[in-house]
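Thanks for making the time this morning. I would like to walk you through one helix first, and then through the cysteines.

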Amino acid sequence: MPHGWMFAVSTLLTLGWVSIADAKPVGPTIFCEEYPAAPVCQGGAPACTFCHTAPPDRNPYGQTIEASLLPGTTRPLSTTQYRSNLPAALRAAERIDADGDGFNSGDEIAAGTKPHDGLSFPSTSGCPPFRRNPDYDVCFYDRAYAFRKVNLDFCGRSPTFEDLELFRALGETEQETALHARLDECLKSENWRGKEGVLWSLAHRKIKPLKAIRSGSYPGDPAGEIPLANYYDDYALFVYTQIDNNDARHALTGDYFVVRQGGTSGEPTRYVKQTNIGFSQSVLQNRRAGLITTKWYLVLNVMFTDLPRTAAAQAYRAFLGMDIAKLEGLRPVDDEPVDYDGKGVQAPFCSQCHSTLDPLTYPFAKYHGLTNFPFGSYDANRQRNVPEAGVVLGQPVRDLVEWAQVAANSDEFAKATLMDYWKLVMGEAPRPEELTEFTALWRRFKNENSHGVERMLHDLVRSEAYGVP
Amino acid sequence: MFRDQLYLHAALLTAALGMGCLAEPVGPVPGADGGTGLDGSLLGPDGSIVLPDGGVVENQIPESEKARVQFKRQRRLRADFAAALGFSADEVCKELDRFDCFVTVHNISLGGVDAYNLGIFEPLEETTKTTPIAMERIALTGCRNRVDLDLDTPESALIFKNLAMDASGGLADVNAASVDDAIDALYKRFALRRANPEEIAELRGFYETVTASGDTKAARSWAILACFMVSTSVESLFY
């Protein structure tokens, strides 16, 4: 598959090119040690782009830090010099309005806005207002607005005028009950959980389907021209983990498969959990890790690659919300990268990213993509020179199953899961003034809500971010 | 022909939208009858703010700080247009009478995805240059189909009920209650609220523009374009 090789190599090159020679991946960590209450530090450290444009080049905020960081000392600074003096430089820079928007960087950090972006600054308008808006209760939770939005976001259609009037006529408590009852109805609807429904669509970015190589023929939906693996198994598993308050972590840790049934002639779609699923999947149960060990995932992301960095990077991006190609989630591991496949990733320009990416990748090296029929299987002897143990989120893991458990139990997973739904219903990532509420929501999702997506969605609908027009 | 009379320009321009501006204030408003406002300010009888020095700040309806307004996009638009026009989803609009406008022809420009063939896994962040054109075609097609059904089979009319027409195909009386009812029905179906008096007057007044153009089926043209105006309003296409 020349196309596959090109894809893998281009990904590698991309990661290599954005690697950095002089920037310090420890910077975000030190920043959050200095500003632990900053919204940007809730649930993870900021990306390198908080201070850099394309590292080592700095954005306006980064330049103000640079100016205060051991001025007059020969560059590049050693890591020790950098670690020791960065806190003081941060404090000096916070008194400066780096982006010229009228707010100094310290105020912007506290408010959660971007100190390098003149279009991002703390809100100055105030609530409550002098009087109430009779149409949209701006500054307050507007249940009628939320009711209409719930219908559109989750049921996929507006309520009728009459439906909305009936809702408006209810008392406050009854409205609250009716709002969440409607949400429950919508979460059972075909629009939400059926084939091509909202959850199905949410999975596209994680599964990355390609019809031309899909196996499996269905009435009116034949297999692709080069059938290699069937991604419908992946969609079914993903949707199953998002409904009925099933444990969403099973998207990464599930050791089972899911079969989709019904969904035609008015019959509701059902998802049935199964331990095995015929010949369409190859990985044995004790080596399964949800969606990142399905045949489709391995065929698409491992293909023929010795060290499948693409598979690791896609898992990091799709399930933990961090894109290494955008310098997100860098957690360098000492003495890495080893460069088992001789790609030259130890070069300083490359190692800044590969010291995170390569140890993240090692556990994937024991899974075949297209190198061993029937494809997508586990093989302890694959790439014998590469260790099976790796590191994810700074934690050593012995294999991919443990990798997935660490990832699924992380704050990053909870945050990324909420972010998927937040963007779905808000149309954008949280605004600076919403970060506190966002953080409370993913923490509840992880703890009180036991990783149940539907419980999280009820919380989300209750939030001011959702219900205040 | 009537382009300058239409509200199209409003349809896809959200950037400056303050949601408080969507409709004129109607009905009783807390704090507007004198007394104090929500922040404790003294209010005049019209809701204006009376300052401690006796000055007056003009009455203002608060606008949303967020102005978070989203384009409904393909699936929701298809469902809402179908419901508002009283069609099944696949009846609303077909290009060349064959290809579904929402699902097949204008899918991407209306914010849909094509994951399996084109690798477009998420809706485009911005609407495209063809989005307004596609939306106009769909609205015009759907409205035309509804108006033709309502006028051809008045006994089962859904929106334009009991419209009395003269021999030339014009409205017999633009001030008739049935005209007001039709306008009100359009607002209830597309904007989920009653039409206010100004909106009714504006659409009634628009009939003059239609007749001045020499249209031989003025009632039909007016009905189609009235439907078009409301269905392409911000309140209909965004939420």
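Let me begin with helix H6 of chain A, which in this predicted model is mostly covered, since 12 of its 13 residues are buried. Among those buried residues are Tyr145(A), Phe147(A), Arg148(A), Lys149(A) and Asp153(A). The helix runs over residues 143-155 and reaches 17 Å from its first C-alpha to its last, close to the 18 Å expected. At the N-terminal end of H6(A), Asp142(A) acts as the cap, with a side-chain oxygen 3.1 Å from the backbone nitrogen of Ala144(A), and after the helix comes Gly156(A), whose phi is positive, near 85°.

Turning to the cysteines, the structure holds four disulfides over all chains, and I will take three of them. In chain A, Cys32(A) is joined to Cys41(A) with an S to S distance of 2.1 Å, and this link is left-handed, at -90° about the S-S bond.

In chain B, the sulfur atoms of Cys93(B) and Cys101(B) are 2.0 Å apart in a disulfide, and another joins Cys143(B) to Cys227(B). Because Cys143(B) lies in helix H4 and Cys227(B) in helix H7 of chain B, that second pair ties together parts that are 84 residues apart in sequence.

Finally, which cysteine sulfur is closest to that of Cys48(A)? The closest belongs to Cys353(A), and at 7.3 Å it is too far for a bond. Cys51(A) is also in no disulfide, the nearest cysteine sulfur, that of Cys48(A), being 8.9 Å away.

Conventions: Residues numbered from 1 in each chain as written. Chains lettered and ligands numbered in written order. Predicted model: local features only at pLDDT ≥ 70, side-chain atom pairs only at ≥ 80, totals over all residues. Heavy atoms only, no water. Helix = DSSP H or I, 4+ residues; strand = E, 2+ residues; numbered from the N terminus. Expected span 1.5 Å × (residues − 1). Buried < 20%, exposed > 50% of the residue type's maximum accessible area, 1.4 Å probe, protein only. Polar contact = N/O pair within 3.5 Å; in protein donor to acceptor, adjacent residues only side chain to side chain. Disulfide = S-S within 2.5 Å.
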